[in-house]
Amino acid sequence: MSGEIEEVAPPEVRHYSERSEVPWDIQNYWSQRHRIFSKYEEGIWLTDDAWFGVTPEPVANKIAEHLAASVPKEKVVLVDAFAGAGGNTIAFAKSGRWKRVYAIEKNPAVLACAKHNAKIYGAEANITWFEGDCFELLRTQLKDLGPYSVVFASPPWGGPGYRSDEIFNLQTMEPYPLNFLYKEYSLFSRHIILFLPRTSDLRQLAKLADTKENVNVRHYCMEGASKALCAYYGNFSMEKINQQ
Ligand SMILES: C[S@@+](CC[C@H](N)C(=O)[O-])C[C@H]1O[C@@H](n2cnc3c(N)ncnc32)[C@H](O)[C@@H]1O
């Protein structure tokens, strides 16, 4: 008998092993499950909604690599403001670059997935989890960490409808428009990375930057197609990313 206490999954949590169990609107995602989580078969947990937002592992790893290379050394904490089921959080923790990864998620069932999935990847040791609203936590409990931190945020994009827009309007993004995200995170840190739809309106991204602090935009691709972009606000060594 093992000495470990078995985790109890909240009722919304699933691990689908057979296609016949999978709801129709998730089947497309499920067929890519091993690309989303290479360790899926080891018992990855997701809620039905979390499938739509999770960052596929190769993209999460690439972003983690880029942040590790480009963020100034004195920034030792990474805050993942919207941890979801853990796609990005796990990659950041595995990179070994951060003294601590703070992962915030407001949905308790989704947070349970992230914690469980991080264990599967052996990545949980340097993650601190928070259940709650990231904006409130950054203004209160975490506020003193600001000078040592970068914020990575992969906000909800308002559902799969974003795909049909030729240019995605970031100011009507729901429930958190771009200006709101940027304003809130700027109060906490001067290094902000936003993970956004590939068709995001670049003029809206540029408008937030000033002459001292540029914005750099980087697309993240799989099989020759952009999956999403990251907008880097602040003083990042982008040349180190470009060398990779
Ligand atoms: C796009 S998903 C993040 C996916 C994540 N990067 C991953 O790879 O699994 C956005 C998540 O933000 C959570 N969320 C929404 N508003 C939040 C808030 N104010 N504070 C913290 N989490 C929030 C949602 O519950 C959802 O799980």
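What follows is an exchange between a trainee and a mentor about a predicted model.

Trainee: Why are helix 4 and helix 5 called oblique to each other?

Mentor: Start with the angle. The axes of helix 4 (residues 57-70) and helix 5 (residues 87-95) cross at roughly 45°. Angles under 35 degrees count as roughly parallel, and 65 to 115 as roughly perpendicular. The crossing of roughly 45° fits neither class, so the pair is oblique.

Trainee: How close do the axes come, and what is the hand of the crossing?

Mentor: The axes come within 8 Å. Helix 4 passes helix 5 in a right-handed crossing.

Trainee: What makes this a contact, and which residues take part?

Mentor: Contact means heavy atoms within 4.5 Å. On the helix 4 side, Glu 57, Ala 60, Asn 61, Ile 63, Ala 64 and Leu 67 take part. Helix 5 brings Gly 87, Asn 88, Ala 91, Phe 92, Lys 94 and Ser 95.

Trainee: How do the residues of that contact divide by type?

Mentor: There are 6 nonpolar, 4 polar and 2 charged residues. Gly counts as polar here, and Gly 87 is one of the contact residues.

Trainee: Now the interior. How many cavities of 30 Å³ or more does a search of the whole structure find?

Mentor: The search finds 1. The largest cavity has a volume of about 60 Å³.

Trainee: What makes it a cavity and not a pocket?

Mentor: In a cavity a 1.4 Å probe fits but cannot get out, whereas a pocket is open.

Trainee: Which residues line the largest cavity?

Mentor: The lining is Ile 36, Phe 37, Thr 55, Glu 57, Ala 60, Asn 61, Gly 87, Ile 90, Ala 91, Lys 94 and Tyr 121. Helix 4 and helix 5 are the elements that give two or more residues. The largest share, 4 residues, comes from helix 5. By type, the lining has 6 nonpolar, 3 polar and 2 charged residues.

Trainee: Where is the cis peptide bond, and what is its omega?

Mentor: The cis bond joins Glu 174 and Pro 175, with omega about 0°. Pro 175 sits in the loop between strand 6 (149-153) and helix 8 (178-188).

Trainee: What is notable about the phi of Glu 223?

Mentor: Its phi is positive, about 50°, although Glu 223 is not a glycine. Glu 223 lies in the loop between strand 8 (215-222) and strand 9 (225-233).

Notes:
Residues are numbered from 1 along each chain as its sequence is written. This is a predicted model: local features need pLDDT of at least 70, side-chain atom pairs count only at pLDDT 80 or more; totals for chains, interfaces and linings use all residues. Side-chain values use heavy atoms; hydrogens and water are left out. Axes are lines fitted to C-alpha atoms, for helices over the stretch in contact, and angles run from 0 to 180 degrees between N-to-C directions. Angles under 35 degrees count as roughly parallel, over 145 as roughly antiparallel, 65 to 115 as roughly perpendicular and the rest as oblique. A crossing is left-handed if the near helix is turned anticlockwise from the far one by less than a right angle, and right-handed if clockwise. On a 1 Å grid over the protein atoms alone, a cavity is a set of points where a 1.4 Å probe fits but cannot get out, and a pocket is an open set with protein on both sides within 12 Å along at least five of seven lines; lining residues have an atom within 4 Å of a point. Grid points are joined across faces, edges and corners, and a volume is the space filled by probe spheres set on the points.
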